[in-house]
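Biologist: I have a few questions about this fold. Please keep the answers short.

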Amino acid sequence: MFQTSALNFDEDEDFCDDCFRARQGDVDRLIHQYAYKPPWIYHRSRLDGRRHEVDSFFLGVELEVENTSNGVYDNNDTARAVKELVPAVCKQDGSISNGFEIVFHPQTYAYATDEGRQGIENCLRELRQRRFSGHNYGGMHVHVSLSAFSRLHLYKFHQLFRSARTLFAAISQRKPEKLEQWSTFNIPANPNCNVDRYCALNYTRHTVEVRIFNSTIRTDRFFKNIETVKAAIDFSKHSSLREMDAHNFLGFVMQNRGRYRNLATFLVEKCVHSLDDVAVDVRVVQQVQKRIMRRAG
């Protein structure tokens, strides 16, 4: 006899009774085994469906963090603190030498940036205070429900990442060798043709996983990453296939910088002027720079 595990954001799996009970025995751990998959709790926002620009699809964020406190702070205690602040489970991960992966329960973009935002900010602050680190220690992966896409929309989203790889590589903040190891931009021409799961876009049964981002415990960088995914979804949904390139995507982000504030700020501060193959309206960049300077002043 086989039992089906609780609905899983990534994939559905069947287990024999013994394996199912062994997996369920991992429930009480603070840091679960890598294969552990909990019954997912889906978090929606009061804003979902009320405005035309708010979508109801779910994001699933995985954040790998390293304990650099030299034994001052305990991994289990930190995992307990994380779970008290955000809806997530903590798991072991072979790419981390001393730390864990934070796997957030599925949540809509509106939830992550509204009701759930304070919890995320508090969680990242707690990690910083406990001398955990993300930058160059691991990755940040963002799953998107495949139900968010029509077939054409998914194809355009896929082609955007293929054609704008220089821009997305800069946004990712990962070193080239790390991108090649964990999230190569050698993306197949068509969606759902995974040759290697360690690809910039990894397709599972229910999600497309954007794997490009460097891990981070900075609040602005965390939201920059999920804004990148949301902006790519929005742009590819409302633009034509011919427009799926770095120039048009960058223009879209700058024109809608109020929606993607952390991403637009990052592009102006770190990214835009280093991309020789991306032309940008200089007036738009200057306007964003002035706003940044006014906030800083």
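Biologist: How much space lies in the largest pocket?

Modeller: This is a predicted model. Elements that give two or more residues to the lining of the largest pocket are S4, S6, S9, helix H7 (176-182) and S11. The space in the largest pocket is about 620 Å³.

Biologist: Which residues that line the largest pocket are the closest to its centre?

Modeller: The lining of the largest pocket has 31 residues. Of these, the closest to the centre are Tyr-34, Glu-62, Asp-93, Arg-197 and Arg-211.

Biologist: Which elements give two or more residues to the lining of the second largest cavity?

Modeller: The whole structure holds 3 cavities of 30 Å³ or more. The second largest has a volume of about 40 Å³. Its lining is made by Leu-59, Val-61, Gln-107, Ala-112, Ile-120, Phe-222 and Ile-226. The elements that give two or more residues to this lining are S4 and helix H8 (219-238).

Biologist: How many residues of strand S11 are buried?

Modeller: Strand S11 spans residues 207-214 and is mostly covered. Buried means under 20% relative accessible area. The count of buried residues in S11 is 8 of 8.

Biologist: What is the bridge partner of His-143 in S11?

Modeller: Strand S9 (residues 139-145) runs antiparallel to S11, and 6 bridges join the two. In S11, the partner of His-143 is Glu-209.

Biologist: And which residue stands opposite Val-208 of S11?

Modeller: Strand S10 (residues 201-203) pairs with S11 over 3 bridges, in the antiparallel sense. A hairpin of 3 residues joins S10 to S11. Opposite Val-208 stands Tyr-203.

Biologist: Where do the buried residues of helix H2 fall, seen down its axis?

Modeller: Helix H2 covers residues 75-85, and its buried residues are Asn-75, Thr-78, Ala-79, Ala-81 and Val-82. Seen down the axis of H2, these fall within an arc of 160°, so they line one face of the helix.

Biologist: What covers those buried residues of H2?

Modeller: The cover includes one helix, H4 (117-129). It also includes strands S3 (31-32), S4 (58-67), S5 (88-91), S6 (99-104) and S8 (132-133).

Biologist: At the start of H2, which backbone nitrogen does a side-chain oxygen of Asp-74 reach?

Modeller: The side-chain oxygen of Asp-74 comes to within 2.9 Å of its target. That target is the backbone nitrogen of Asn-76.

Biologist: Which residues of S5 point one way, and which the other?

Modeller: In a regular strand, side chains alternate between the two faces of the sheet. In S5, all four named here are buried: Val-89 and Lys-91 point one way, and the other way point Ala-88 and Cys-90.

Biologist: Which residue in S6 stands opposite Val-89?

Modeller: S5 has parallel and antiparallel pairings. S3 runs parallel to S5, with 2 bridges, and Ile-31 stands opposite Cys-90. S6 runs antiparallel to S5, with 4 bridges. The residue opposite Val-89 is Val-103.

Biologist: Is Lys-270 buried or exposed?

Modeller: Lys-270 is found in helix H10 (residues 261-271). The cut-off for exposed is over 50% relative accessible area. Lys-270 has 54%, so it is exposed.

Biologist: How far apart in space are Lys-270 and Ala-170?

Modeller: In sequence, Lys-270 and Ala-170 are 100 residues apart. In space, C-alpha to C-alpha, the two are apart by 8.6 Å.

Methods
Residues are numbered from 1 along each chain as its sequence is written. This is a predicted model: local features need pLDDT of at least 70, side-chain atom pairs count only at pLDDT 80 or more; totals for chains, interfaces and linings use all residues. Side-chain values use heavy atoms; hydrogens and water are left out. Buried means under 20% relative accessible area, exposed over 50%, partly exposed in between (1.4 Å probe, protein chains only). The arc is that of the directions from the helix axis to the C-beta atoms. Contact means heavy atoms within 4.5 Å. A polar contact is a pair of N or O atoms within 3.5 Å; within protein, one must be able to donate a hydrogen and the other to accept it, and residues adjacent in sequence count only if both atoms are side-chain atoms. Two strands pair if DSSP finds at least two bridges between them. On a 1 Å grid over the protein atoms alone, a cavity is a set of points where a 1.4 Å probe fits but cannot get out, and a pocket is an open set with protein on both sides within 12 Å along at least five of seven lines; lining residues have an atom within 4 Å of a point. Grid points are joined across faces, edges and corners, and a volume is the space filled by probe spheres set on the points.
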